[in-house]
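Reader: Could you take me on a close look at one part of this model, and then show me how the rest of the chain is arranged around it? I would enjoy a connected walk-through.

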Amino acid sequence: MSHPIIALWSHPRSMSTAFERIMRSRGDLDCLHEPFMYDYYINRSTREMPHFDAMDEHPKSYEAIRDMILARAEKGPVFFKDMSYYVMPHLLADDAFFARLTHSFLIRDPHASILSYAKLDPDMQLDEIGIEAQWRHAEAVMARTGRPPVVIRSEMVQANPESHMRRYWEAVGLGHRPEALHWNDPAPADWQQVQGWHGEVMASTAIRPISADQQARTEAEFSRLAAAQPRFQTYLDHHLPFYVRLLTYA
């Protein structure tokens with residue numbers, strides 16, 4: 001028997017790992033953390049991913065990772081979060097697997113995500129911002145299904161976790177489990193491979209609320225970063241239009 005496979009396609013520093021923590025806390029899903037990262041950073045990227053301690057036993061190619069996910073979905077429902085840029089263009093050419101997935105997208109204001117990314121990986125490249133790939137991926141979902149893609153904003157989840165997680169769960173065919181919004185269990189073992197990226201959420205017990213003045217403070221800090229290193233402004237200028245387009249689905 002084949003069970004549902006729910007994919008959350010995110011971009012770096014979009015609060016996706018905290019989102020994944022909620023999904024794991026539901027207790028009714030087999031959850032994977034960025035499985036396609038292995039294909040991208042081991043086989044295709046022009047640079048090494050910092051803070052990535054690859055596990056020897058993890059499948060490394062797109063095909064092997066896909067087959068692993070499909071095999072796990074024979075045993076029960078699967079959820080994984082990943083980045084659209086990891087799977088482009090392979091996924092768009094893999095019609096059967098594309099159709100097998102319930103696609104959803106998480107986005108965050110790129111002022112905030114790029115700023116956070118730069119603190120952890122100042123050498124990241126333009127495509128690794130990830131939002132353009134998300135947009136092209138979401139457009140493919142729209143074209144192939146005839147339905148708007150499920151897009152959720154991380155800021156809205158922070159502002160009202162129960163309401164927006166209820167909306168998300170309903171959109172992807174899951175029941176409401178508000179108890180999943182709080183957790184006390186240890187961080188998942190498979191996060192250890194990238195623990196340098198997720199120290200804060202690994203130590204957390206719930207989604208952190210967003211403050212009223214956070215947007216203004218973030219934009220001011222981003223402006224200082226871009227003034228010192230103009231390439232980050234170039235990255236923002238490139239990806240911001242794709243973010244705005246994704247907002248029309250949110």
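Author: Happily! Let us begin with Glu 132, a residue of helix α8, which covers residues 131–145. Keep in mind that the model is a predicted one. Setting aside neighbours within four places in sequence, the contacts of Glu 132 are His 238, His 239 and Phe 242. Tyr 85 is another residue to look at from here: 47 residues separate Tyr 85 from Glu 132 in sequence, while their C-alpha atoms are 8.4 Å apart in space.

Helix α8 also leads us to a pocket. Together with α6 (95–100) and β4 (101–107), α8 supplies at least two residues to the lining of the second largest pocket, as does each of those two elements. This pocket holds about 220 Å³ of space. Its lining has 13 residues, and those closest to the centre are Thr 102, His 103, Val 141, Thr 145 and Arg 147. By residue type, the lining comprises eight nonpolar, three polar and two charged residues.

Now for the aromatic rings. Twelve aromatic pairs turn up when the whole structure is searched. One of them joins Trp 9 and Phe 80 in an edge-to-face arrangement, with 5.5 Å from centre to centre and 90° between the planes. This pair links distant parts of the chain, since Trp 9 sits in strand β1 (residues 5–10) and Phe 80 in strand β3 (residues 78–83), 71 residues apart. Are these two rings' residues buried or exposed? Trp 9 counts as buried because its relative accessibility is 0%. Phe 80 is likewise at 0% relative accessibility, so Phe 80 counts as buried. The pairing continues beyond these two: ring pairs connect Trp 9, Phe 36, Tyr 62, Phe 80 and Phe 97 into a cluster.

Helix α1 is worth a stop too. This helix runs over residues 16–26, and nine of its eleven residues are buried, so α1 is largely enclosed by the rest of the structure. The buried ones are Ser 16, Thr 17, Ala 18, Phe 19, Glu 20, Arg 21, Ile 22, Met 23 and Arg 26. After α1 comes Gly 27, with a positive phi near 85°.

For a contrast, try Leu 120, which belongs to helix α7 (residues 110–120). Leu 120 is partly exposed because its relative accessible area is 25%, a value between the 20% below which a residue is buried and the 50% above which it is exposed. Leu 120 and Arg 13 are 107 residues apart along the chain, and 9.7 Å separates their C-alpha atoms.

Stepping back, we can place these parts in the whole chain. The chain contains 13 helices and five strands. Of its 250 residues, 51% are buried. Long-range links are plentiful in the contact list: among contacts between residues at least 6 apart in sequence, 80% join residues at least 24 apart.

Finally, a word on confidence. The chain has a mean pLDDT of 89, and 88% of its residues reach 70 or more. Residues 193–199 are a stretch to read with that in mind: pLDDT stays under 50 there, and the model has 25 contacts beyond four places in sequence for this stretch.

Terms used: Residues are numbered from 1 along each chain as its sequence is written. This is a predicted model: local features need pLDDT of at least 70, side-chain atom pairs count only at pLDDT 80 or more; totals for chains, interfaces and linings use all residues. Side-chain values use heavy atoms; hydrogens and water are left out. Helices (H or I, at least four residues) and strands (E, at least two) are DSSP runs, numbered from the N terminus. Contact means heavy atoms within 4.5 Å. pLDDT is the predictor's confidence in each residue, from 0 to 100. On a 1 Å grid over the protein atoms alone, a cavity is a set of points where a 1.4 Å probe fits but cannot get out, and a pocket is an open set with protein on both sides within 12 Å along at least five of seven lines; lining residues have an atom within 4 Å of a point. Grid points are joined across faces, edges and corners, and a volume is the space filled by probe spheres set on the points. Ala, Val, Leu, Ile, Met, Phe, Trp, Tyr, Cys and Pro count as nonpolar, Asp, Glu, Lys and Arg as charged, and the others, Gly among them, as polar. Rings of Phe, Tyr and Trp (its six-membered ring) pair if their centres lie within 6.5 Å; planes under 30 degrees apart count as stacked, over 60 as edge-to-face and the rest as tilted. Buried means under 20% relative accessible area, exposed over 50%, partly exposed in between (1.4 Å probe, protein chains only).
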